[in-house]
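The following exercises concern a predicted model. Each task is followed by a solution in steps.

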Amino acid sequence: MPDGRSAVKRRASLRLWLSGSWLALVALAALLAPWIAPHDPLAQDLFAGRLPPFFAAGADPAYLLGTDSLGRDVLSRIIHGARIALTVALMAGVATALLGSLLGLLAGYLRGWTDIVISRLVDIWMAFPPVLFAILLIAVIGTGLTSIIVAIVVIDWTRFCRVVRAEAMNQSKMDYVASATIAGQGRASILWREIGPNVLPTIAALLTLEMGIAVIVEAILSFVNLSISTDAPTWGGMIAEGRTSIHQAWWVLVFPLVVLFLTVLSFSQLGEGLKDRFDPVLR
Amino acid sequence: MILLRALLTRLATTVVTLFGAAVIVFFVIRVVPGNPIAMMLPPGATDEDIARLSAHYGLDRSIPEQFAIWFAGVLHGDFGASISLRQPVMPLVLGRLPATLELAIFALVLAVMIGGAAALTGTRLRNTRTEAAIDIANGVGLSVPDFLWALVLILLFGILVPVFHISGRISPSADLPFVTQFYVFESILRLRFDLWWDLLQHMFMPALALAIPLAAIIGQLLKQSLKETMHLDYVVLARTKGYAENKVIVSEALPNAVLPTLTLIGVQFTFLIGGTVIIERLFSYEGLGNMAIDAVINRDLPLIQGIVLVFALLFTVVNLVVDMTYALLNPRLRHA
């Protein structure tokens with residue numbers, strides 16, 4: 001029988017390469033947006049409205065991926081949209097990871113009342129439909145980039161908390177924790193120096209997955225018109241606009257959708273790939 | 001005895017969860033900026049009018065007082081009155097809930113069918129290219145959330161090859177004989193298969209969007225458990241007895257491999273129900289989630305509270321049922 005493990009490994013590393021390359025491309029576009037975008041993403045030209053992409057009849061080569069109903073360049077809006085998407089992914093992802101992991105570590109290591117209170121909170125949070133919760137929170141704290149990030153953190157910390165709590169509980173039973181305790185190390189120090197580093201790979205894999213989720217949440221909020229502003233070039237906002245004019249100009253929906261799809265897929269594949277990398281059985 | 005005690009503990013935590021959910025929703029939405037009363041009155045309304053109407057809806061009292069009144073009502077099944085629709089919340093919510101439940105259950109059935117078929121095919125054709133293709137499809141399916149699948153489906157089967165309806169729950173021209181809101185169920189009882197078919201054609205796209213990620217998870221986990229079971233002695237014995245491979249998989253391996261998947265389906269079903277909110281919006285499906293988004297946009301506090309609580313109740317009940325089923329199915333727990 002061929003070695004199944006090497007096949008799994010080969011596929012996993014191909015996955016890491018493909019998703020990593022796409023994300024690098026998106027990150028590059030986000031960083032260099034003002035220099036590489038062919039047009040101003042907000043500039044309207046009502047005489048150039050709903051121009052098709054370059055390969056279709058009637059296209060203007062100046063607008064590679066066509067224009068939307070207000071004559072804004074689709075490609076430039078996608079490139080600038082990458083900035084917003086990656087900002088949300090990075091900031092919301094990291095903040096969610098910090099809050100959730102901290103609570104998870106405390107619950108899993110300290111146990112007792114801390115654990116009971118935190119676990120009950122997780123239960124309560126899990127009883128809300130996340131999308132509805134997000135929309136409700138944005139209605140409460142107002143639209144804007146910071147609000148979106150806050151909303152994602154408030155809703156999604158449970159993802160980290162549940163997993164990290166279980167992991168911290170496992171690690172606490174290990175001999176190295178017992179010997180650190182006997183050696184007289186304080187609880188804070190054990191948590192920070194001993195358990196923390198061992199839970200880090202799990203957190204890293206979850207963080208990658210969470211960044212993909214953050215991109216989606218931003219798109220959903222833009223879609224129901226609760227994101228940043230209707231004018232700002234967000235992928236979700238473009239998709240919402242494209243959905244309404246789908247019969248007249250499919251490209252306004254299709255291109256941002258493809259980019260969003262690949263980005264979310266890549267974050268997820270990267271996260272799964274990392275999880276396998278850190279899995280001692282496969283390693 | 002242990003089972004009974006576990007059950008009681010479980011019930012108690014469920015009650016705590018629901019109460020906590022009620023408290024959080026109530027206080028979160030009291031911070032909503034924008035006066036819902038001012039929004040429902042015509043522009044010429046005086047401050048006196050606003051004050052009078054606020055008093056009518058109890059919005060002039062202190063927040064803890066409002067909570068006590070509202071919560072006492074909830075315990076009697078009275079969720080107050082919707083501000084934007086000017087009707088009691090309870091009948092409004094109950095009127096929309098069946099549409100959402102039918103959609104979610106249909107999606108669950110689709111997910112089990114697709115995921116189960118993928119797992120069985122993958123096990124039957126293990127170590128072939130087909131299995132590799134199924135693995136990749138599963139990986140993509142669970143990486144991309146329902147919201148994106150919905151948009152992809154709208155593009156493919158609503159626009160490119162328009163074979164399915166992508167808006168609404170039933171054709172507007174249909175004249176409806178229904179007395180309940182469980183349209184799909186009632187259309188079968190009334191033998192109105194024309195309406196039943198129309199409903200399914202409307203439900204298929206949103207249900208499939210909800211089903212794809214769950215189908216992928218089912219396919220992946222069930223295939224993994226099946227593969228592990230296939231190496232167990234009793235399965236090997238069945239094969240040496242000369243049973244056909246299909247029979248070995250379906251009647252020997254499957255019953256023992258299915259338990260982890262069942263548990264997972266229960267947990268994932270609540271995520272699926274949560275997904276209906278945005279999916280209903282995308283497909284203009286008249287369910288609870290669509291109503292919830294309108295309620296948030298209209299700042300309709302009583303309606304938001306009612307809907308969120310009904311969702312929370314649904315989630316906790318599903319989880320409770322799953323846990324109990326698991327305890328009953330698992331012989332180690334049953335005989336403990």
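**Exercise 1.** Determine whether Glu131(B) counts as buried or exposed, and describe the salt bridge that its side chain forms.

*Solution.*
1. Glu131(B) has a relative accessibility of 5%. The limit for a buried residue is under 20%, so Glu131(B) counts as buried.
2. The side chain of Glu131(B) forms a salt bridge with that of Lys227(B), with an N to O distance of 2.8 Å.
3. This pair connects distant parts of the chain, 96 residues apart: Glu131(B) belongs to helix α6 (residues 129–143) of chain B and Lys227(B) to helix α9 (residues 193–230) of chain B.
4. The partner, Lys227(B), has a relative accessibility of 28% and therefore counts as partly exposed.

**Exercise 2.** Analyse the salt bridge between Asp123(A) and Arg120(A) in terms of distance, position in the helix and accessibility of Asp123(A) and Arg120(A).

*Solution.*
1. The N to O distance between the two side chains is 2.7 Å.
2. Helix α3 (residues 112–126) of chain A holds both Asp123(A) and Arg120(A); they are three residues apart, about one turn of the helix.
3. Asp123(A) counts as partly exposed because its relative accessibility is 31%.
4. Arg120(A), with a relative accessible area of 23%, is likewise partly exposed.

**Exercise 3.** Place the salt bridge between Asp68(A) and Arg77(A) in its context.

*Solution.*
1. The side chains of Asp68(A) and Arg77(A) meet at 4.0 Å, N to O. The criterion for a salt bridge is within 4 Å.
2. Asp68(A) and Arg77(A) are both buried.
3. A network of salt bridges links Asp68(A) and Arg77(A) with Arg72(A) and Glu241(A).
4. Over all chains, the count is 17 salt bridges.

**Exercise 4.** How many cavities of 30 Å³ or more does a search of the whole structure find, and which residues line the largest cavity?

*Solution.*
1. The search finds one cavity of 30 Å³ or more.
2. The largest cavity has a volume of about 50 Å³.
3. From chain A, the lining includes Phe128(A), Pro129(A), Leu132(A), Phe133(A) and Leu136(A). From chain B, the lining includes Ile24(B), Val25(B), Val28(B) and Val308(B).
4. Helix α4 (130–141) of chain A and helix α1 (2–30) of chain B each supply at least two of the lining residues.
5. Sorted by class, the lining has nine nonpolar residues, no polar residues and no charged residues.

Definitions and conventions: Residues numbered from 1 in each chain as written. Chains lettered and ligands numbered in written order. Predicted model: local features only at pLDDT ≥ 70, side-chain atom pairs only at ≥ 80, totals over all residues. Heavy atoms only, no water. 1 Å grid on protein atoms, 1.4 Å probe; cavity = no way out; pocket = protein on both sides within 12 Å on 5 of 7 lines; lining within 4 Å. Points joined across faces, edges and corners; volume = space filled by probe spheres on them. Helix = DSSP H or I, 4+ residues; strand = E, 2+ residues; numbered from the N terminus. Nonpolar A, V, L, I, M, F, W, Y, C, P; charged D, E, K, R; others polar. Buried < 20%, exposed > 50% of the residue type's maximum accessible area, 1.4 Å probe, protein only.
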